[in-house]
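User: Could you take a close look at the ligand site for me? I would like one connected account of what surrounds the ligand.

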Amino acid sequence: MSDKKNIVVIPMIIPKDKNLDKFGGWQWMLNSKTAWKYWCKRNGYELVIYDEPSLEDTTKYKITTQRWFDIFNFLDRKNIKYDQVAMVDASSFPKWNCPDFFKLTDNKFTVGLENDNLRWIYESVQGYKNIFNNYELDISKYFCTQFVIFNKSHKELFKKFEKFYKDNVDELVKLQTKTVKRGTDQTPFNYVMQMNNVDINYLPKPFRLSHLYRKEMLGHNWQLNEDTIPFFIKYGYVWFFSGFDKTQRDNLMRQVWELVKDRYDEDFFINNNNIIESKDVNKNATTLKFKKDIYNTFNKPHFKNMTLLELGCNHGNTTRVYAECFGKVIAVDMFEDNIKKTKSKCQDVNNVQFITADVYDNKFKLPEADVVHIDAGHTYQQVAYDIDRCIDQLDNPIFILDDYGNPKQEIKKVINDKVKQYQLKIDKFIGEKDGFVCTHGLAFNDREGVIINLK
Ligand SMILES: C[S@@+](CC[C@H](N)C(=O)[O-])C[C@H]1O[C@@H](n2cnc3c(N)ncnc32)[C@H](O)[C@@H]1O
């Protein structure tokens with residue numbers, strides 16, 4: 001998880017006036033909020049809804065314009081702490097696994113280029129030229145205000161924009177509504193940024209895909225017809241539903257949401273994976289709840305750089321979940337048949353290494369790993385030996401242990417003894433609770449498993 005406290009801000013005010021319903025409804029805003037909330041949680045950031053414009057006259061000062069005047073004060077007033085801010089329009093969905101764009105900014109003012117409809121841009125830039133003293137705007141640097149990432153160092157700039165806007169508001173409104181009719185905040189914002197020589201960083205195209213029609217990105221390759229996923233979903237990271245008749249927005253965003261909404265559920269992978277057995281089917285496996293907790297704890301971008309070692313992988317049911325979360329997984333079991341089954345469970349991924357070995361044999365060398373699931377031998381001595389050697393040979397690893405609440409074993413005792421001996425900490429209890437009865441009759445007397453040393 002990033003140690004930076006970045007935030008995504010969506011301006012979102014659902015008008016009560018039905019006559020303003022030019023987009024064909026407002027459900028798209030709510031779905032956008034759900035999608036962005038998921039993305040923020042997955043990346044360890046916060047979603048903030050900007051819904052208190054400071055100026056009442058939203059005809060003269062549209063929300064799209066006011067947000068630039070208000071945002072820093074708004075965040076201070078709400079006592080929201082932040083490093084970088086991504087201001088993003090609600091007319092968008094981030095793909096569920098969209099990479100972390102905050103890491104691409106170099107701490108600069110960061111945007112996406114706007115060149116989808118050059119005629120519109122040209123007419124807009126020409127239309128506003130006069131009010132900006134005939135400044136020659138470089139159209140090749142023209143960006144879109146649907147998605148802008150900034151930080152506190154841009155406060156003064158936004159103030160300049162506010163001052164210019166307020167000083168010229170009547171003329172600007174005339175340009176917006178009567179003469180030029182090409183956008184609201186975007187072109188004046190571009191002028192102010194360029195005229196102040198702002199160092200602008202541009203995101204790669206997939207992070208701001210718009211005009212999906214124009215680019216024929218709503219379709220798929222019908223000639224091959226082997227994969228019907230639309231191009232924008234396959235290749236884009238943030239999809240903007242603009243650049244077409246606005247009455248279509250609700251309809252189009254609803255259809256897209258129907259197609260992708262399941263992916264914004266934290267348990268999507270677990271629920272949609274019928275190859276993963278639970279304790280109900282295989283008494284050696286962990287429960288479904290254990291797997292969900294593992295998935296929700298470790299399916300975060302920073303674990304993708306780590307290696308997980310599973311001592312005792314059995315049929316590979318948890319292994320397949322680990323493969324989803326970690327960059328590399330090393331699955332070890334003493335029985336060739338178990339390794340065969342694990343290989344079969346993991347046949348759709350290529351980040352798992354399989355080792356057939358007795359982990360208590362002198363010849364077995366503990367592979368390098370950042371996280372270890374200790375689940376081979378289940379006696380006090382075996383688990384103690386596993387924890388000892390991981391502490392000795394690895395660099396401060398995270399431990400995952402199950403069977404903590406298994407009354408027939410001494411796992412809880414050995415875990416508690418070792419936690420004390422090495423001054424470790426149980427950071428999280430996972431899996432089923434005290435009283436849970438497995439299908440083979442075993443009743444847990446405590447939580448199923450623990451995670452130790454989760455940094
Ligand atoms: C409880 S199961 C592991 C369950 C698995 N981790 C999961 O989450 O589904 C224990 C596994 O450890 C393996 N095992 C037991 N002793 C072992 C040893 N000395 N070396 C390697 N594997 C061993 C067993 O063959 C068995 O498949």
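Analyst: Happy to. Domain bounds here come from an automatic or database domain assignment, and on that basis the protein divides into domain 1 (7-264) and domain 2 (276-452). This is a predicted model, in which local features need pLDDT of at least 70 and side-chain atom pairs count only at pLDDT 80 or more, while totals for chains, interfaces and linings use all residues. Residues are numbered from 1 along each chain as its sequence is written, and side-chain values use heavy atoms, with hydrogens and water left out.

Now to the ligand. Its surroundings comprise 20 residues, of which E310, G312, T318, D333 and D375 come nearest; a residue counts as near if one of its heavy atoms lies within 4 Å. This shell divides into 8 nonpolar, 8 polar and 4 charged residues, where Ala, Val, Leu, Ile, Met, Phe, Trp, Tyr, Cys and Pro count as nonpolar, Asp, Glu, Lys and Arg as charged, and the others, Gly among them, as polar.

Several polar contacts (pairs of N or O atoms within 3.5 Å) can be picked out. The side chain of E310 has an N or O atom 2.8 Å from a ligand nitrogen, and the side chain of T318 has one 2.5 Å from a ligand oxygen. At M334, a polar backbone atom is 3.1 Å from a nitrogen of the ligand. Taken alone the ligand exposes 600 Å², and the protein buries 90% of that, with areas from the Shrake-Rupley method and a 1.4 Å probe.

Notes: A polar contact is a pair of N or O atoms within 3.5 Å; within protein, one must be able to donate a hydrogen and the other to accept it, and residues adjacent in sequence count only if both atoms are side-chain atoms.
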